[in-house]
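Welcome! Let us walk through this structure together, starting from a single residue and working outwards.

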Amino acid sequence: HQRCGIGSNMLRMIDQELGDRRCFCLSLRHLQGYYSAVGFRPCGEEEIPEFLVERAQQYRPKGYDIVVMVRAGSG
C-alpha cells in the first residue's frame with residue numbers, strides 16, 4: 001500500500017492533533033523531508049530526552065541510519 005497517500009494522511013492528522021506542542025521523532029534519514037513537511041527538523045541529541053537518545057543509540061548498531069527530529073512548540 002505504499003504511495004497511496006495513507007502515511008501522508010496520517011501525518012496530516014497527527015499535525016492537527018499536535019497543534020503547537022513540542023514533539024520528537026526518530027526518523028530514518030531518507031524520510032527527513034517527509035517529516036519536515038509538518039514542521040520537524042533535525043536536532044542534536046543534546047536537545048532530546050535521555051530515553052530517546054538511548055533508543056536512537058540502540059537502532060544505529062543494527063544498521064538503521066537514524067536522525068532525531070524535533071517539532072518546535074510552546075508546550
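In which strand does S27 lie? Look for S27 in strand 1. Please keep in mind that this is a predicted model, as everything that follows is read from its computed coordinates.

Is S27 buried or exposed? The relative accessibility of S27 is 1%, and because buried means under 20%, S27 counts as buried. You can see what surrounds S27 by setting aside its neighbours within four places in sequence: S27 is then in contact with Q32, Y35, D65, I66, V67 and M69. One of these, V67, is also the bridge partner of S27 in strand 3.

A second residue to look for is C25, which is likewise found in strand 1. Its relative accessibility is 12%, so C25 counts as buried too. Not counting residues up to four places away in sequence, C25 touches Y35, F40, V67, V68 and M69. The pair C25 and M69 is a nice one to find on screen: 44 residues separate them in sequence, while their C-alpha atoms are 5.2 Å apart in space.

Both residues have led us towards strand 3, so let us turn to the sheet. Its 3 strands form an open sheet in the order 1-3-2, and their pairing is antiparallel. At the edges are strand 1 (23-28) and strand 2 (40-42), each of which pairs on one side only. On average, neighbouring strands of this sheet are turned by 35° against each other, direction ignored.

How many bridges join strand 1 to strand 3? There are 6, and the two strands run antiparallel. Strand 2 also pairs with strand 3 (residues 66-71) in the antiparallel sense, over 3 bridges. To trace this pairing yourself, find F40, whose bridge partner in strand 3 is R71, and then R41, which stands opposite V70 in strand 3.

Strand 3 is mostly covered, with 6 of its 6 residues buried. This holds for both of its faces: I66, V68 and V70 are buried on one side, and V67, M69 and R71 are buried on the other. Helix 3 (residues 50-59) lies across strand 1 and strand 3, and runs at about 5° to strand 1.

Now step back to the whole chain. It has 3 helices and 3 strands, which follow the pattern α-β-α-β-α-β when read along the sequence. Along its principal axes, the C-alpha trace spans about 35 × 30 × 15 Å. Of the 75 residues of the chain, 23% count as buried. Among contacts between residues at least 6 apart in sequence, 76% join residues at least 24 apart, and you have already met a pair with such a separation in C25 and M69, 44 residues apart.

One last stop is the empty space. Rolling a probe the size of a water molecule over the atoms shows where such space is left. The largest pocket holds about 250 Å³ of space. It is lined by 11 residues, and those closest to its centre are Q2, R3, G7, S8 and Y34. Which element gives the largest share of this lining? That is helix 1 (residues 6-18), with 3 residues. Sorted by class, the lining has 4 nonpolar, 6 polar and 1 charged residues.

Key
Residues are numbered from 1 along each chain as its sequence is written. This is a predicted model: local features need pLDDT of at least 70, side-chain atom pairs count only at pLDDT 80 or more; totals for chains, interfaces and linings use all residues. Side-chain values use heavy atoms; hydrogens and water are left out. On a 1 Å grid over the protein atoms alone, a cavity is a set of points where a 1.4 Å probe fits but cannot get out, and a pocket is an open set with protein on both sides within 12 Å along at least five of seven lines; lining residues have an atom within 4 Å of a point. Grid points are joined across faces, edges and corners, and a volume is the space filled by probe spheres set on the points. Helices (H or I, at least four residues) and strands (E, at least two) are DSSP runs, numbered from the N terminus. Ala, Val, Leu, Ile, Met, Phe, Trp, Tyr, Cys and Pro count as nonpolar, Asp, Glu, Lys and Arg as charged, and the others, Gly among them, as polar. Two strands pair if DSSP finds at least two bridges between them. Axes are lines fitted to C-alpha atoms, for helices over the stretch in contact, and angles run from 0 to 180 degrees between N-to-C directions. Contact means heavy atoms within 4.5 Å. Buried means under 20% relative accessible area, exposed over 50%, partly exposed in between (1.4 Å probe, protein chains only).
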